[in-house]
2 protein chains.
Amino acid sequence: MSEPSTKRVTIAAVARLAGVSPSAVSHVFNGRPNVSEATAARIRAAADELHWRPNFASRKVSGQGGRSLGLVIARSRGTFGRDPFFMRLLAGLTEPLADIGWSLSLTLVRAEEEEQVYRQWWGEQRVDAFLLVDVRDDDPRLALVEQLGAPAALLGAPVPGPVAAVTVRDGTAFAEAVEHLTGLGHRSIARVTDAPGLAHTRARDKRFRGAARDRGVKAALAAWNPAAADPVADLLGRLGDATAIIVDSETIAAEIVAHAPEVGVRVPEQLSVIAWEDSWVSSIVRPRLTAFDAPVEESARAAVALLERLVRGEDVTAQTVSGRRLLVRESTAPAPHNREGSS
Amino acid sequence: MSEPSTKRVTIAAVARLAGVSPSAVSHVFNGRPNVSEATAARIRAAADELHWRPNFASRKVSGQGGRSLGLVIARSRGTFGRDPFFMRLLAGLTEPLADIGWSLSLTLVRAEEEEQVYRQWWGEQRVDAFLLVDVRDDDPRLALVEQLGAPAALLGAPVPGPVAAVTVRDGTAFAEAVEHLTGLGHRSIARVTDAPGLAHTRARDKRFRGAARDRGVKAALAAWNPAAADPVADLLGRLGDATAIIVDSETIAAEIVAHAPEVGVRVPEQLSVIAWEDSWVSSIVRPRLTAFDAPVEESARAAVALLERLVRGEDVTAQTVSGRRLLVRESTAPAPHNREGSS
DNA sequence: CGAGCAAGGTATACCGCTTTACAAGGAGCG
DNA sequence: CGCTCCTTGTAAAGCGGTATACCTTGCTCG
């Protein structure tokens, strides 16, 4: 038990067993042509028998092979742990990565260590590409990966610049949401934003205002303040005459519908709520959340494909994946008459 | 942009800039004594200037350094994605790993590929140790890591055998739960189990029965059947005269309290519910779940420490971390009189 | 029947770093 | 003043592969 175990089997052992040179083994395992089918079979048999596989690190050192993707998330344990989006992302990343034989290296960091970790991982060649999530306004990572020369793709934010992005086609999402709400009689709608620095915020603001203007309804913005004693009460108190809200974060939407009754607001009778993201959480709260289902798994797959091509040196342009769908559940309902026009 | 970027800087470049041999640089970066403080400083300065860091893969090839932990999860995207436990685990793993410079390699697999992935990762030396979660009865992975000679630790299941384990000290947890419930007047309690094959199930069954016997209350077992048309209704229909349940999975507990009213059972008035795990989900459903808070982050830290020692060749014994605490919230209440003794 | 050539393998030089063995220059000392 | 010993460094041999250049054969073909 205390023994670090049996000597590890190397390519030389396989070669010996198959009665060939190490080069031959290497050739077979790299799909090179200079080996007859007969000996190739013998070599494969030998490798199987010894349970041998080319050493990941060695291949990396000698050029070819053994890639891995770095995912560095700058969030506290708390906000990471309670965002189902990340679970979907991880789950979605894992399969396409396995398909192309890449590893996934994951870490959580504090914001101030973030750059440091990118530099370190890249410098050590611990990873061969980065996936950037939670992209902020003027995100320093964009310049950083550029400077490092590291292949990178960002997820979920159509930021101008040289870094390729995978974005969800959601041009009409706000229009759809606003239409759904106006159809229910709502005339004043607020958008609730979570983390104000995130890069997608401004674009969404614009789309939201546009959609509201098109439909001739009032649009407002309300920031979620997690520092408040009772964040839900705090937010609801700042809503003015809005009878419906569209919430950037599913988690926050869930907290709102769960907690609203306790501060005297009935959902959906008095307030309709739409969540911008969807997961099983939306179905577990009551009322169930009307939400936009984003194609996270598809995005993940697209991002992996994109990075794989980048690493191979191809030139790659941004990718778009199919849009968000509005799943109407129980948290949206006809606007209350008594609130309309009040305030 | 299409250029794979600037030539990568190697140890030789640093050596040249500092006017020393590559060996000297290596010595400095591995804390070896044979270099004077003056030249060491010069070398470090040169390395900084070139942003050089020892190549992760190369260090791995030449023995020393560059370790990584493999976490292979045999779950479908769905059941992985909706179990907050994994988020806590990942979040908890990340920090201690960073502290010792290890990478975390994560993947999800289908059960039938599981062994294959362990073999592959180990064979390729892609990882240097495994963390085993979701340990099942007669789990083949125990023998497998033994056969491979791979350092491994399992989490959350006190399985006899040579593989070291990190377990949560919860000897008294069931006693605590049962005491809480009997204090509320419950005389018949059921334990709801999720995945029947998991290794901890039997041990928990035993503890549960023991705790119930000690308090003189009736103990029953009920298996959750996700295949049923309405799993919650199905489960509640099979509860007999039990007025309280202890649910292995927090997710299932959440589904139960959310859905029970819709099938005519009021929680906690008619049925008290305790969840065996805790996360933010317990606070977002109504009624909020009375739950056991497990020290997931501490377990993760202990597991990392244990694996690190194993990899260094030390002999390591099982570790226990501080116990579960019962967090009493809203899903437990006095037993209903009308159900008592019925059935 | 000998030149020409493709097919099938091997020898060898790396990749970037670690590590052991060894060398050069002082310092300590009888 | 000659000799040992220590300090500070370097040369060189790996680690486990990959990749290129090169060397055999056995044939084809004019």
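**Close-up 1. Helices α1(B) and α3(B) pass each other in a right-handed crossing.** This is a predicted model. Here we're looking at residues 11–18 (α1) and residues 37–50 (α3) of chain B, whose axes come within 9 Å and cross at roughly 125 degrees. An angle between 115 and 145 degrees counts as oblique, and the two helices are therefore oblique to each other.

**Close-up 2. Who meets whom between α1(B) and α3(B).** On the α1(B) side you'll find B:Ala13, B:Val14, B:Leu17 and B:Ala18. Facing them from α3(B) are B:Arg42, B:Ile43, B:Ala46, B:Ala47, B:Glu49 and B:Leu50. Sorted by class, that contact has eight nonpolar residues, two charged ones and no polar ones.

**Close-up 3. The protein surface near DNA strand D.** There are 28 residues around this strand, and A:Ile11, A:Ser26, A:Asn55, B:Ser36 and B:Ser62 come nearest. Three helices each chip in at least two residues: α2 (22–29) and α4 (56–61) of chain A, plus α2 (22–29) of chain B. The largest share, four residues, comes from α2(A). As for class, count 17 polar, nine nonpolar and two charged residues.

**Close-up 4. Where chain A touches chain B.** Each partner brings 50 residues to the contact. On the chain A side, the elements giving two or more residues are α4, α5 (77–81), α6 (84–99), β2 (103–108), α7 (114–123), α12 (250–259) and α13 (280–284). Helix α6(A) gives the most, with eight residues. The chain A side breaks down into 23 nonpolar, 16 polar and eleven charged residues.

Methods: Residues numbered from 1 in each chain as written. Chains lettered and ligands numbered in written order. Predicted model: local features only at pLDDT ≥ 70, side-chain atom pairs only at ≥ 80, totals over all residues. Axes fitted to C-alpha atoms, helices over the stretch in contact; angles between N-to-C directions. Parallel < 35°, antiparallel > 145°, perpendicular 65-115°, else oblique. Left-handed = near helix turned anticlockwise from the far one by under 90°. Contact = placed C-beta atoms within 7 Å. Nonpolar A, V, L, I, M, F, W, Y, C, P; charged D, E, K, R; others polar. Near = placed C-beta within 6 Å.
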